[in-house]
Each structure stands twice: as structure tokens, then as C-alpha cells.
Amino acid sequence: MKLSYRGVSYQYYPCTVSTTAVDLIGKYRGLNCRLGSAHPLPIGQHKVNLKYRGVSY
């Protein structure tokens with residue numbers, strides 16, 4: 001997805017989180033809800049060059 005902020009264009013690549021269905025049912029504010037288990041993300045999957053006011057860090 002291509003976005004822009006204050007005239008600077010950039011690409012947005014959202015991370016996907018895979019989940020596994022778990023047969024656990026919980027209760028939140030009186031309503032039943034199904035719980036899922038997320039798989040851990042691999043470390044260092046996305047390398048990001050960060051910049052604040054023109055200074056890279």
C-alpha cells in the first residue's frame with residue numbers, strides 16, 4: 001500500500017500474524033469469545049531504515 005505523510009511517500013508492508021485455532025472459550029464482559037494462539041514472529045524479518053527529521057538511526 002502506498003501512503004504519504006506531509007508530502008513524503010512511502011510503502012506500507014503490514015506484518016501478517018498466523019494463528020492457530022484453539023478450542024478455548026473465554027468470557028469477556030459477559031459474552032463468550034473464542035481464543036486463538038499466535039505463532040511467534042521470526043526475529044529480524046523486516047529490516048527498517050528509520051529516519052527522524054532527516055537523521056537516520
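# Notebook: a six-strand predicted model

I began with Met-1, whose place is in the segment before strand 1. I noted at the outset that the model I am reading is a predicted one, and I kept that in mind for every entry below. Met-1 has a relative accessible area of 62%, so I entered it as exposed, since that value is over 50%. I then looked for what accompanies Met-1 on the surface, and I found that Met-1, Tyr-5, Tyr-10 and Tyr-12 form a nonpolar patch, with about 480 Å² of accessible area together.

**Overall make-up**

I next looked up the secondary structure, and I recorded 0 helices and 6 strands for the protein, which read along the sequence as β-β-β-β-β-β. Turning to burial, I found that buried residues make up 2% of the 57 residues. For the surface as a whole, I wrote down that the protein exposes about 6,000 Å², and that carbon and sulfur atoms supply 56% of it. I also checked how far along the chain the contacts reach: among those between residues at least 6 apart in sequence, 5% join residues at least 24 apart.

**Confidence**

Before going into local detail I looked up the confidence values, and I noted a mean pLDDT of 79 for the protein, with 88% of its residues reaching 70 or more. Among the elements, I found the highest mean pLDDT in strand 2, at 87, and the lowest in strand 3, at 77.

**Strands 1 and 2**

I then followed the pairing at the start of the chain, where strand 1 (residues 2-5) and strand 2 (residues 8-11) run antiparallel to one another over 4 bridges. Which residue of strand 2 is the bridge partner of Tyr-5? I found that it is Val-8, and in the same way I noted that Ser-4 stands opposite Ser-9 in strand 2. The hairpin made by these two strands has 2 residues between them, and there I recorded that Arg-6 takes a positive phi near 50°. I add that Tyr-5, which I had just placed opposite Val-8, is one of the residues of the nonpolar patch that I listed with Met-1.

**Strand 3 and its contacts with strand 4**

I moved on to strand 3, which spans residues 19-28 and holds Lys-27. Is Lys-27 buried or exposed? At a relative accessible area of 63% I entered Lys-27 as exposed, because the value lies over 50%. Leaving out residues up to four places away in sequence, I found that Lys-27 touches Asn-32 and Cys-33.

Leu-24 also lies in strand 3, and with its neighbours within four places in sequence set aside, I listed its contacts as Cys-33, Arg-34 and Leu-35. For one of these I looked up the backbone separation as well: the C-alpha atoms of Leu-24 and Leu-35 are 5.5 Å apart, although the two residues are separated by 11 residues along the chain.

From the other side I examined Ser-37, which lies in strand 4. I found a relative accessible area of 35% for Ser-37, which means that it counts as partly exposed, a value between 20% and 50%. Not counting residues up to four places away in sequence, Ser-37 touches Ser-18, Thr-19, Thr-20 and Val-22. I also looked up its separation from Leu-24, and I wrote down 9.8 Å between the C-alpha atoms, with the two positions 13 residues apart along the chain as the sequence offset.

**Positive phi in the loops**

Finally I returned to the backbone angles, having already noted the positive phi of Arg-6 in the hairpin of strand 1 and strand 2. Where does Arg-29 sit? I placed Arg-29 in the loop between strand 3 and strand 4 (31-38), and I recorded its phi as near 50°, a positive value in a residue other than glycine. Arg-29 has a relative accessibility of 74%, and I therefore entered it as exposed.

I made a corresponding entry for Arg-53, which is found in the loop between strand 5 (51-52) and strand 6 (55-56). Although Arg-53 is not a glycine, I noted a positive phi of about 50° for it, and I recorded Arg-53 as exposed, with a relative accessible area of 74%.

Terms used
Residues are numbered from 1 along each chain as its sequence is written. This is a predicted model: local features need pLDDT of at least 70, side-chain atom pairs count only at pLDDT 80 or more; totals for chains, interfaces and linings use all residues. Side-chain values use heavy atoms; hydrogens and water are left out. Buried means under 20% relative accessible area, exposed over 50%, partly exposed in between (1.4 Å probe, protein chains only). Contact means heavy atoms within 4.5 Å. Two strands pair if DSSP finds at least two bridges between them. Patches are made of residues with over 30% relative accessible area and no salt bridge: like charges are joined within 9 Å, nonpolar side chains (Val, Leu, Ile, Met, Phe, Trp, Tyr) within 5 Å. Accessible areas come from the Shrake-Rupley method with a 1.4 Å probe; for residues, only the protein chains shown count as cover. A salt bridge is a side-chain nitrogen of Lys or Arg within 4 Å of a carboxyl oxygen of Asp or Glu. pLDDT is the predictor's confidence in each residue, from 0 to 100.
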